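I sat down with this one to look up its pockets and its ligand. My notes follow, in the order in which I made them.

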Amino acid sequence: MTAKRLLLLGAPGSGKGTQAATLVKNLGIDHISTGDMLRSAVAEGTELGKQAKSLMDQGQLVPDDLVIGVASDRLARNGIDRGFVLDGFPRTVAQAEALDGILKDLGTSLDLCITLSVDEEAVVERLLKRANIEGRLDDNETTIRERLRVHHESTEPLVQFYRDRGMLKTVDGMGTEEKVTLRVAEALES
Ligand code: AMP
């Protein structure tokens, strides 16, 4: 059976957002991206958006309690029946532990965590290209380097966290989008 409660991990620019969108389309599951939710909050000028904006602009993480609240509301509100792919949450061990609790309260758990492994310089190039195309203010080179540093420091420990739970599969994230999509599909089936 295809796993349907998924977590995608990977450095900023690893292609995890793209792969999440493909999984959503192919599996008919929900895309849960705390980055998207926070950007909406910023655009709407909500209290959460005001608290998050400058941190996001600097490539820093938004505090755990705020993000856990956002993710928890989203999981509880829209249900989890169709399955989901988490993209950009959790990003710290504290968030991963909170996620365990949230899912447990909802009577479910993750099926699988996939981590996309990529070459770091390729990641920086990919991010700079995306920033140029989309005109994203939070994506200049300094911010990108900072986002990578934060990723190493706070998010990479999650690879071991999920490996320890026997839930991790590593997928090579280099090469064309189509190739990576095939590798992800294989990881889901095996
Ligand atoms: P993303 O689109 O996932 O790269 O998220 C964009 C920005 O939103 C990040 O650089 C963080 O500032 C913030 N953010 C998104 N998700 C989280 C999270 N799980 N924990 C902390 N900050 C987050």
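I began with the second largest pocket and sorted its lining by class: 2 nonpolar, 9 polar and 4 charged residues. A reminder to myself that this is a predicted model. In total 15 residues line this pocket, and I put its volume down as about 250 Å³. Nearest its centre I found G13, S14, G15, T18 and R126.

Next I asked which helices supply at least two residues each to the lining of the second largest pocket. They are α1, α6 and α9, the last of these running over residues 177-189. The largest share comes from α1, with 4 residues.

Then I moved to the largest pocket. I noted about 720 Å³ of space there and a lining of 37 residues. K16, G35, R39, R91 and R147 are the ones that lie nearest its centre. By class, I wrote down 12 nonpolar, 15 polar and 10 charged residues for this lining.

Which element gives the most to the lining of the largest pocket? I looked it up, and α2 does, with 5 residues. The elements that each bring at least two residues to this lining include the strands β1 (5-10) and β2 (30-33). The helices α1 (16-27), α6 (120-134) and α7 (141-155) also each supply at least two.

On to the ligand. Where does the ligand sit? I found it in the largest pocket. I noted 14 residues around the ligand, and T34, R39, Q60, G88 and Q95 come nearest. R39 was already in my notes, as one of the residues nearest the centre of the largest pocket. Helix α2 (residues 34-44) turns up again here, since I had it as the top contributor to the pocket lining: it also provides the largest share of the shell around the ligand, 4 residues. My class count for the shell reads 6 nonpolar, 5 polar and 3 charged residues.

I then went through some polar atoms by distance. A polar backbone atom of G88 is 2.8 Å from a nitrogen atom of the ligand. For V62, a backbone N or O atom lies 3.0 Å from a ligand nitrogen atom. R147 uses its side chain: one of its polar atoms lies 3.3 Å from an oxygen atom of the ligand. I also checked how much of the ligand is covered: on its own it has 470 Å² of accessible area, and the protein covers 95% of that.

My last entry is about the backbone. Most peptide bonds are trans. I did find a cis peptide bond, though, joining F89 and P90, with omega at about -5°. As for its place in the fold, P90 lies in the loop between β3 (84-87) and α5 (93-105).

Conventions. Residues numbered from 1 in each chain as written. Predicted model: local features only at pLDDT ≥ 70, side-chain atom pairs only at ≥ 80, totals over all residues. Heavy atoms only, no water. Near = heavy atom within 4 Å. Polar contact = N/O pair within 3.5 Å; in protein donor to acceptor, adjacent residues only side chain to side chain. Areas by Shrake-Rupley, 256 points an atom, 1.4 Å probe, with all protein chains shown as cover. 1 Å grid on protein atoms, 1.4 Å probe; cavity = no way out; pocket = protein on both sides within 12 Å on 5 of 7 lines; lining within 4 Å. Sits in = over half its atoms within 2 Å of the grid points. Nonpolar A, V, L, I, M, F, W, Y, C, P; charged D, E, K, R; others polar. Points joined across faces, edges and corners; volume = space filled by probe spheres on them.
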